[in-house]
Amino acid sequence: MSEPEVSPTANDGVVDLDARRVVTPKKRRRTLITIFIVIVALAAGWVVWFSSLLTSESVSVIGVEGAPAEQIAQAAQVPLGVPLAQLDTQGIADQLVSIPWLASVDVRRGWPHDVVIAVVPRTAIAVTGSGLGVDAKGVEFAPTTKLSAKLPTVTGDGIGLVSAMGVLNSLPDDLRPKVAKLSATTRDNVELTLHSGAIVKWGSVEQAELKSQVTRALLKRKAKIYDVSAPELPTTFKEKVKR
């Protein structure tokens, strides 16, 4: 008499490969979603990088108006018809940094078709004898607008000019308007001429706060020259003594 046939099971070490190949509806849906996302991403990348749907068609300059804005737009030489994603914004900005009156420039993509050039013009805090503006860093430039007649006149060049403008920029609001002229030939011999005609030998830009306090106190005395270059030992010359 023969023994009954027994079907193999997992416990017997036999793997049902057909069962593993079964694709459930959940797996099929997940696969389709993944394929859809990849297709959408590829299509979006093509539209942004290579199609004509998002190309440069116009240039906007913000921060200045009129002739200065036209100068910026012309100097930028923005290529039109180029996909914005491929636009070399840094290269455009690099073409503009040599314009003397520009303090900073930032080129941005203005989707879908605009190229935005945001600029900040230099601010003059003094004027040279030839009418150029000078900013707080000692950079001379031809101003884009009419400068205030109240700006002091500065004489100097190189490190002397930089030091003089550093001193002027460090003056407190109550002292700066008193300055009519300033000059320097080195970083340590900045000299201020006040509207009263008095001269303040300031020295270098160091100890600006202490020098301002000392100058403020000394100006209560009538003198032709105030020396605060060593603020711990200030000196006045040709002082009018009250009798």
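Two strands count as paired here if DSSP finds at least two bridges between them. Keep that in mind while you click around, and remember that this is a predicted model.

**Stop 1: β10 and β11**

Select residues 199-203, which are strand β10, along with residues 225-227, which are strand β11. With three bridges between them, these two strands qualify as a pair, and the sense is parallel. To find the register, show I199 and look across to I225 in β11, which stands opposite.

**Stop 2: β10 back to β9**

Now keep β10 and add strand β9, residues 190-194. This time the pairing is antiparallel, again with a bridge count to check: four. The two strands make a hairpin with four residues between them. Click G197 in that turn and you'll find a positive phi of about 100°.

For the register, pick L192, which faces V200 across the pair. Then pick E191, which stands opposite K201 in β10.

**Stop 3: the two faces of β9**

Stay on β9 and turn on its side chains. Which of them are buried? V190, L192 and L194 are, and they point to one face. E191 and T193 point to the other face and are not buried. In a regular strand, side chains alternate between the two faces of the sheet, and β9 shows that alternation along residues 190-194.

**Stop 4: β8 on the other edge**

Add residues 179-183, strand β8. β8 and β9 run antiparallel and are joined by four bridges. The connection is a hairpin through six residues. Show K181 and you'll see T193 of β9 opposite.

**Stop 5: salt bridges around these strands**

Side chains of opposite charge can pair when their charged atoms come close. The model has six salt bridges in total, and three of them are worth a visit here.

Start with E191 and K201, whose side chains meet at 3.0 Å, N to O. E191 belongs to strand β9 and K201 to strand β10, so this contact ties together parts that are 10 residues apart in sequence. Both ends are partly exposed: E191 has a relative accessible area of 24%, and K201 has 32%.

Next, select R187 and E206, where the closest N and O atoms are 3.2 Å apart. R187 sits in the loop between β8 and β9, while E206 is in the loop between β10 and α6, so the pair links parts 19 residues apart in sequence. R187 is partly exposed at 40% relative accessibility, and E206 is partly exposed at 37%. Add D188 to the selection as well: salt bridges with shared partners join R187, D188 and E206 into one network.

Then go to D174 and R216, with closest N and O atoms 2.7 Å apart. D174 is in the loop between α5 (158-170) and β8, and R216 is in helix α6 (residues 208-218), so this bridge ties together parts 42 residues apart in sequence. D174 counts as partly exposed, at 37% relative accessibility. R216 is partly exposed too, with a relative accessible area of 34%.

**Stop 6: helix α3**

Leave the strands behind and select residues 66-76, helix α3. Which residues of this helix are buried? Colour P68, A69, I72 and A76. Look down the axis of α3: these buried residues fall within an arc of 100°, so they line one face of the helix. An α-helix has 3.6 residues a turn, so residues three or four places apart point the same way.

What do the buried residues of α3 pack against? Show β1 (58-62), α4 (89-96), β2 (102-110) and β3 (114-121). Now rotate to the other side of α3, where A67, E70 and Q74 are exposed. Before you go, click Q77, just after α3, which has a positive phi of about 50°.

**Stop 7: a nonpolar patch**

For the last stop, switch on a surface and select I33, F36, I37 and V40. They form a nonpolar patch with about 400 Å² of accessible area together. Zoom in on I37, which lies in helix α2 (residues 25-49). Is I37 buried or exposed? Its relative accessible area is 52%, and the cut-off for exposed is over 50%, so I37 counts as exposed.

Methods
Residues numbered from 1 in each chain as written. Predicted model: local features only at pLDDT ≥ 70, side-chain atom pairs only at ≥ 80, totals over all residues. Heavy atoms only, no water. Buried < 20%, exposed > 50% of the residue type's maximum accessible area, 1.4 Å probe, protein only. Arc of directions from axis to C-beta. Contact = heavy atoms within 4.5 Å. Patch = residues over 30% accessible without salt bridge, like charges linked within 9 Å, V, L, I, M, F, W, Y side chains within 5 Å. Areas by Shrake-Rupley, 256 points an atom, 1.4 Å probe, with all protein chains shown as cover. Salt bridge = Lys/Arg side-chain N within 4 Å of Asp/Glu carboxyl O.
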